[in-house]
Amino acid sequence: MDKLLAKDVSKGKITEQEAKDARARITVVPEDVGISGFKDVDLVVEAASENVDLKVSLFESLAATVRPDTILATNTSSISVTKMAAAAIPKGETAASEKGKASAARVVGLHFFNPVPVMKLVEIIPALQTSDDTLQRAREFATACGKEVTVSKDVPGFISNALLMPFINEAIMCLESGVGTRDDIDKTLKLGMNHPMGPLQLGEFIGLDTCLSIQQVLYNGTSDSKYRPSVLLERMVDAGWLGKKSGRGFYTYTE
């Protein structure tokens with residue numbers, strides 16, 4: 001956070017005072033306090049890795065800790081928001097009980113795009129259980145953050161990754177099968193379609209492990225062979241060649 005604020009100051013986007021004011025609005029919850037530090041907030045945005053068991057566990061804990069009117073949002077880019085809403089039902093309650101319905105109704109998807117300070121979009125995903133009030137409050141929050149909003153049904157990958165990940169996966173399959181070289185594939189999309197970066201490089205900025213996780217959600221969630229992950233993508237992740245964050249992928253990255 002401090003590095004991001006300092007970078008914006010150096011570029012003249014904000015003043016030193018604005019950076020100090022922004023930093024003063026942030027409270028870091030100590031590790032030993034944990035989730036109990038969120039008990040009085042109005043909205044929680046979960047942003048754990050794309051692991052369904054981890055997210056379900058977090059929503060169970062959050063629902064048992066925060067106020068009944070606190071919105072529980074997930075920043076997932078592909079996993080079922082409806083499943084997380086079901087996890088927010090208190091123990092001893094059912095999906096049909098009044099307390100169960102009320103707790104699940106406050107769960108919503110708030111998918112921010114990386115890098116968050118730069119990207120203008122938030123994709124909102126209502127679960128089957130999400131109430132109209134929760135959806136409206138989520139929209140107001142995203143708008144207050146200066147973002148544009150789109151709404152997607154709760155399907156694997158939502159709008160964004162149901163379109164983007166097969167595109168990246170197909171590019172990797174083209175490389176795998178020898179249709180083109182790394183440079184020719186990326187150059188074709190950059191210069192021929194005016195994309196700011198090619199699909200192979202984009203996948204590496206996202207993280208090839210993240211791409212694989214989302215592609216697996218698409219494949220497992222639909223049983224449609226068009227979403228089958230590339231074998232090369234799987235092997236790159238096996239090797240730990242994840243792209244920019246690991247220093248190596250289809251490209252090599254240096255500090």
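How far apart do the C-alpha centres of domain 1 and domain 2 lie? Hi everyone, let's start there. In this predicted model, the two centres are 28 Å apart. Domain 1 runs over residues 31-151, and domain 2 over residues 159-246.

Now for the place where they touch. Eight residues of domain 1 and six residues of domain 2 take part in the contact. As you know, people often express the size of an interface as the accessible area lost when the parts come together. For domain 1 and domain 2, the buried area comes to about 530 Å², with 57% of it on carbon and sulfur atoms. Which three residues supply the most of what domain 1 buries against domain 2? They are Ser77, Ser78 and Glu123, and together they supply 59% of that area.

What about charges and polar groups? Between domain 1 and domain 2 there are zero salt bridges by the rule used here. For polar contacts, the count is three residue pairs, with both residues of each pair at pLDDT 80 or more.

Next, a word on annotation. The unreviewed UniProt entry carries a domain annotation, "3-hydroxyacyl-CoA dehydrogenase NAD binding", over residues 3-154. Within residues 3-154, helix makes up 38% of the chain and strand 16%. The C-alpha atoms at the two ends of that stretch are 35 Å apart.

Let me finish with some backbone geometry, which I suspect this group will enjoy. As a reminder, most residues other than glycine have a negative phi, and most peptide bonds are trans. Here are the exceptions I picked out.

First up is a peptide bond. Going from Asn114 to Pro115, the bond is cis, with omega near -10°. Pro115 itself sits in the loop that joins strand S3 (107-112) and strand S4 (121-126).

Then we have Phe158, a non-glycine residue whose phi is positive, near 55°. Phe158 belongs to helix H7, which spans residues 158-177. Is Phe158 buried or exposed? Its relative accessibility is 1%, so Phe158 counts as buried, the cut-off being under 20%.

Ser223 also has a positive phi, about 55°, and is not a glycine either. You will find Ser223 in the loop between helix H10 (208-222) and helix H11 (231-239). Its relative accessibility is 65%, and exposed means over 50%, so Ser223 counts as exposed.

So, if you have the model open, please have a look at Pro115 in its loop, Phe158 in helix H7 and Ser223 in the loop after helix H10. Thanks for listening!

Methods
Residues are numbered from 1 along each chain as its sequence is written. This is a predicted model: local features need pLDDT of at least 70, side-chain atom pairs count only at pLDDT 80 or more; totals for chains, interfaces and linings use all residues. Side-chain values use heavy atoms; hydrogens and water are left out. UniProt positions are given in the numbering used here, feature names are shortened, and annotations may be inferred rather than shown by experiment. Helices (H or I, at least four residues) and strands (E, at least two) are DSSP runs, numbered from the N terminus. Buried means under 20% relative accessible area, exposed over 50%, partly exposed in between (1.4 Å probe, protein chains only). Domain bounds come from an automatic or database domain assignment. Contact means heavy atoms within 4.5 Å. Buried area is the accessible area (1.4 Å probe) that two parts lose on being put together, summed over both. A salt bridge is a side-chain nitrogen of Lys or Arg within 4 Å of a carboxyl oxygen of Asp or Glu. A polar contact is a pair of N or O atoms within 3.5 Å; within protein, one must be able to donate a hydrogen and the other to accept it, and residues adjacent in sequence count only if both atoms are side-chain atoms.
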